[in-house]
Amino acid sequence: MEVIVALDAGTSSIRAVIFDMEGTILKISSSTYSPQYEENMKVRQSTETWERGLYTILKESASFLNSNSYHPLCISLTSQRASVIPVDRNGITLYPALMWQDKTTSKQCEQIVARIGIEEVYHRTGVRIDSYFSAPKMMWLAQNASDAYKKCIKLLGVQDYIAYLLTGVYVTDFTQASRTLLFNISNNSWDDQIIAELDLDQSLLPDVVAPGSMIGSTTKSIESLTNFPAQIPVILAGG
């Protein structure tokens with residue numbers, strides 16, 4: 001029987017839910033974790049928590065699929081938004097993830113207001129300047145963790161990072177990008193003007209696709225690590 005595997009990386013756990021084609025839940029696997037809440041509203045998380053959790057739930061899902069002779073048509077992936085993860089050319093994390101709850105970027109928010117203005121940012125991105133969003137976190141990395149920023153080749157969100165682990169591809173979708181303060185909602189693309197004004201490097205941002213897009217397939221590495229089959233399409237379902 002054909003099934004769909006939905007992955008969701010939330011704030012406190014990552015889950016795999018296996019559905020039949022009628023939408024009935026057949027199996028739920030989960031792995032818990034927690035961000036590190038530190039002084040001065042600083043919130044970080046090790047990417048090892050997502051990687052370990054992903055492999056755990058895929059192993060459990062693979063066992064369930066095999067024992068019931070189910071065939072996964074695809075993996076559908078969704079997650080929390082607005083966290084920032086810098087990775088090098090091998091996909092290795094260079095600095096702990098700056099989480100969406102982090103509130104240490106008020107200085108960077110003030111810089112965005114001064115350089116672009118509240119109304120202009122809202123008009124172009126549809127969101128208001130706030131520490132929750134990704135751009136202030138990216139600026140914080142550039143200003144306070146310059147070694148990591150200079151060495152990184154991509155700045156990823158949580159969904160983007162898990163998508164990379166599954167497929168080896170760096171890509172995000174509109175719903176994730178719209179929480180960066182760098183995404184123009186009028187043309188559904190990265191906003192060159194805002195990115196330049198904030199002294200950020202656009203090449204560090206992943207490619208952007210519409211939610212519901214297939215971005216690639218599970219790799220042989222995933223299969224060897226978890227026994228979950230390779231060549232299963234991965235769909236970005238959104239934030």
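The following questions and answers go through a sheet, the helices on it, and a helix pair in this predicted model.

In this predicted model, local features need pLDDT of at least 70 and side-chain atom pairs count only at pLDDT 80 or more, while totals for chains, interfaces and linings use all residues. Residues are numbered from 1 along each chain as its sequence is written, and side-chain values use heavy atoms, leaving out hydrogens and water.

Trainee: Which are the edge strands of the open sheet of six strands?

Mentor: Strands here are DSSP E runs of at least two residues and helices are H or I runs of at least four, numbered from the N terminus, and two strands pair if DSSP finds at least two bridges between them. The open sheet has mixed pairing and the order 3-2-1-6-15-14. The strands that pair on one side only are strand 3 (25-32) and strand 14 (214-217).

Trainee: What is the bridge partner of Phe19 in strand 3?

Mentor: Strand 2 (residues 13-20) pairs with strand 3 in the antiparallel sense, over seven bridges. Within strand 3, the partner of Phe19 is Ile25.

Trainee: At what angle does helix 1 run to strand 3?

Mentor: Angles run from 0 to 180 degrees between N-to-C directions, with axes fitted to C-alpha atoms, for helices over the stretch in contact. Helix 1 (residues 47-68) lies across strand 1 (2-9), strand 2, strand 3 and strand 6 (71-79). Its angle to strand 3 is about 155°.

Trainee: How are helix 2 and helix 4 oriented to each other?

Mentor: The axes of helix 2 (residues 106-115) and helix 4 (residues 134-144) come within 9 Å and cross at roughly 105°. Contact (heavy atoms within 4.5 Å) is made by Gln108, Cys109, Gln111, Ile112 and Arg115 of helix 2 with Pro136, Met139, Trp140, Gln143 and Asn144 of helix 4. Angles under 35 degrees count as roughly parallel, over 145 as roughly antiparallel, 65 to 115 as roughly perpendicular and the rest as oblique. Helix 2 and helix 4 are therefore roughly perpendicular.

Trainee: Which residues of helix 3 are exposed?

Mentor: In helix 3 (residues 118-125), Val121, Arg124 and Thr125 are buried, where buried means under 20% relative accessible area, exposed over 50% and partly exposed in between, with a 1.4 Å probe and protein chains only. Seen down the axis, these buried residues fall within an arc of 80°, so they line one face of helix 3, the arc being that of the directions from the helix axis to the C-beta atoms. They pack against helix 2, strand 11 (183-184) and helix 8 (192-197). On the other side of helix 3, the exposed residues are Glu119 and His123.
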